[in-house]
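Student: I should like to learn how the features of a protein model are read. Might we go through one together?

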Amino acid sequence: MKVRSRREFLQSSAGAVSAALAMKKVRLHAEPFGTSARQVSAGDRVRFGMIGVGMQGSGLLGRSVALPGVECAAACDLYDGRHARAREIAGASLRTTRRYQELLADKDIDCIVAAVPDHWHRRIVVDAVSAGKDIYCEKPMSHTVEDGRAMVAAAKKSGRIVQIGSQRTSSVLLAKARELVEKGVLGDVQLIEGSLGRNDPTGAWVYPPPPDLSPATLDWDTWQGDVPKRPFDPKIFARWRCWKEYGTGVAGDLMVHLISGMLYTWGINAAPSRVTAMGGIRRFNDGRNMPDVHMSLFEYGDVPLYIRLNLGSETPEVLRFLGSKGILELAETSLTFTSQAGVDTSPSYYTGSFPQALRNEYIEKWHAEHDPRPGEEPLTDAVSYQGDSYDDTRPHLWKFFQAVKTRQPVVEDAVFGHHAAIACHMANESYFQKRPVTFDPATDTVKS
């Protein structure tokens with residue numbers, strides 16, 4: 001039997017929903033990525049330095065150099081095997097190094113793309129903007145709330161462009177979702193919910209370490225950064241997301257996408273006021289200290305947001321806005337809106353407790369006042385938009401490189417990235433403390 005991929009599962013589920021509703025379908029198209037590379041003059045090209053060429057970094061590198069007018073000038077990684085991988089992607093003559101400071105000192109490099117473990121984000125971003133470089137930094141923006149504050153301050157002080165890599169904020173699907181919300185199609189938002197489930201070791205970050213990994217091929221001491229030093233451990237290097245010392249768990253790796261998408265679609269830029277979370281290590285009890293089941297309830301003003309993450313059971317990734325006028329649902333390649341009238345469509349069943357004569361009188365009057373005339377029966381509005389995956393990184397990278405050239409602001413800047421990351425940090429803090437935590441915007445701190 002063929003095993004379906006996570007994306008195939010999501011797409012088939014979304015398709016089943018659309019078919020059941022038999023709704024109008026609209027195909028959304030993204031704007032083209034400018035002119036072809038051959039038509040771009042050398043003076044118009046953006047030259048970037050790549051810091052971190054691991055799983056996510058190698059993908060960002062490949063997509064970046066495929067964009068017109070974008071060139072990688074050098075790449076940095078603490079593991080030598082990734083130097084070879086960078087040259088395979090960007091060209092055999094690509095300059096590589098273990099020291100990212102060399103890229104920041106290079107005046108021919110316009111900007112930085114960074115995909116490093118979470119505990120390195122603050123140092124890389126602060127150093128980059130302080131050196132006069134714009135930077136695209138992978139999500140979550142920060143490893144701690146304190147790190148995020150320092151990154152926002154450095155970005156504001158330097159005036160450099162910082163874009164955080166939750167790519168769905170550049171998706172045409174989310175742009176349409178935001179447009180619908182701004183038009184008021186939802187009415188009053190009552191509740192927002194998101195969920196994501198995986199059921200395989202790779203989805204739980206149980207990655208195979210490179211076979212040649214050793215203290216000779218990896219600068220292990222530098223990689224650990226400010227974390228208390230451990231003996232060389234290939235599994236920690238490959239699976240750092242499993243440990244809070246280096247990563248932010250399912251909250252920072254997965255929840256942050258749902259949070260970023262929610263903030264962008266809803267048109268707000270703030271941290272939640274309160275978070276209550278629970279969960280545990282239910283399946284992958286392999287030495288990690290971050291949960292593989294994580295459920296969180298957030299408060300954004302008077303609207304609750306519930307997010308469920310699970311690494312032990314496969315379910316589609318969905319973000320759903322429930323409003324008084326209908327439901328808006330975002331999946332990887334589709335956006336669905338189904339309207340709701342919010343009125344009774346038949347006499348109230350409560351009248352079953354009335355005496356028969358009163359009940360008959362009520363029902364007769366109800367039908368006289370509410371029944372449509374024949375041929376004028378109402379229809380429920382429903383529409384489904386189809387588009388490229390909202391996790392396609394090309395539009396997000398393209399907007400960053402265009403901003404480097406034009407100096408126009410980006411959507412997911414340091415402030416936006418900070419607020420999205422705070423929600424994840426609060427979910428982790430509540431999980432570990434086993435009690436609710438709150439956010440004080442006046443001091444930009446999390447309190448329990």
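**Reading the sheets, helices and surface**

Tutor: Let us begin with a sheet, which is read by the order of its strands and the sense of their pairing. Here an open sheet of eleven strands, with mixed pairing, follows the order β1-β15-β14-β13-β12-β8-β11-β10-β9-β16-β17. Its edge strands are β1 (24-27) and β17 (445-447), each of which pairs on one side only. From one strand to the next, the twist averages 15°. Please keep in mind that this is a predicted model.

Student: In which sense do β8 and β12 pair, and over how many bridges?

Tutor: Strand β8 (residues 189-197) and strand β12 (residues 315-323) are paired in the antiparallel sense, and seven bridges join them. One facing position can be named: G197 stands opposite T315 in β12.

Student: Which helices lie across strands of this kind, and at what angles?

Tutor: A helix is described by the strands it lies across and by the angle to one of them. Helix α7 lies across β13, β14 (334-339) and β15 (382-386), and runs at about 165° to β13. Helix α13 (residues 414-433) lies across β9 (274-280), β10 (293-300), β16 (437-440) and β17, at about 55° to β9.

Student: Where is K176 placed, and why does K176 count as buried or exposed?

Tutor: K176 belongs to helix α7 (residues 172-182). Buried means under 20% relative accessible area, and K176 counts as buried because its relative accessibility is 17%. Setting aside neighbours within four places in sequence, K176 is in contact with L28, L335 and Y385.

Student: What may be said of L330 in the same manner?

Tutor: L330 is located in strand β13 (residues 326-330). With a relative accessible area of 2%, L330 is buried. Apart from neighbours within four places in sequence, its contacts include L173, L174, A177 and L335. L330 and L173 are 157 residues apart in sequence, yet their C-alpha atoms are 7.9 Å apart in space.

Student: What is the strand order of the sheet of six strands, and how are its strands paired?

Tutor: This open sheet of six strands has the order β4-β3-β2-β5-β6-β7, and its pairing is parallel. At the edges stand β4 (95-97) and β7 (162-164); each has a single partner strand, so one side of each is left without a neighbour in the sheet. The twist averages 25° from one strand to the next.

Student: How many bridges join β2 to β5, and what lies across these strands?

Tutor: Strand β2 (residues 46-51) and strand β5 (residues 111-114) run parallel and are joined by four bridges. Within this pair, G49 stands opposite I112 in β5. Helix α2 (residues 55-65) lies across β2, β3 (70-76), β5 and β6 (134-137), running at about 170° to β2.

Student: Which residues does G252 touch?

Tutor: Not counting residues up to four places away in sequence, G252 touches K139, P140 and C424. G252 is part of helix α10 (residues 249-266) and counts as buried at 0% relative accessibility. The C-alpha atoms of G252 and C424 are separated by 5.8 Å, although these residues lie 172 residues apart along the chain.

Student: Finally, which residues make the nonpolar surface patch?

Tutor: Y349, Y350, F354 and L358 make a nonpolar surface patch of about 540 Å². Of these, L358 is placed in helix α11 (residues 356-370). L358 is partly exposed, with a relative accessible area of 47%.

Terms used: Residues numbered from 1 in each chain as written. Predicted model: local features only at pLDDT ≥ 70, side-chain atom pairs only at ≥ 80, totals over all residues. Heavy atoms only, no water. Patch = residues over 30% accessible without salt bridge, like charges linked within 9 Å, V, L, I, M, F, W, Y side chains within 5 Å. Areas by Shrake-Rupley, 256 points an atom, 1.4 Å probe, with all protein chains shown as cover. Salt bridge = Lys/Arg side-chain N within 4 Å of Asp/Glu carboxyl O. Helix = DSSP H or I, 4+ residues; strand = E, 2+ residues; numbered from the N terminus. Buried < 20%, exposed > 50% of the residue type's maximum accessible area, 1.4 Å probe, protein only. Pairing = 2+ DSSP bridges. Axes fitted to C-alpha atoms, helices over the stretch in contact; angles between N-to-C directions. Contact = heavy atoms within 4.5 Å.
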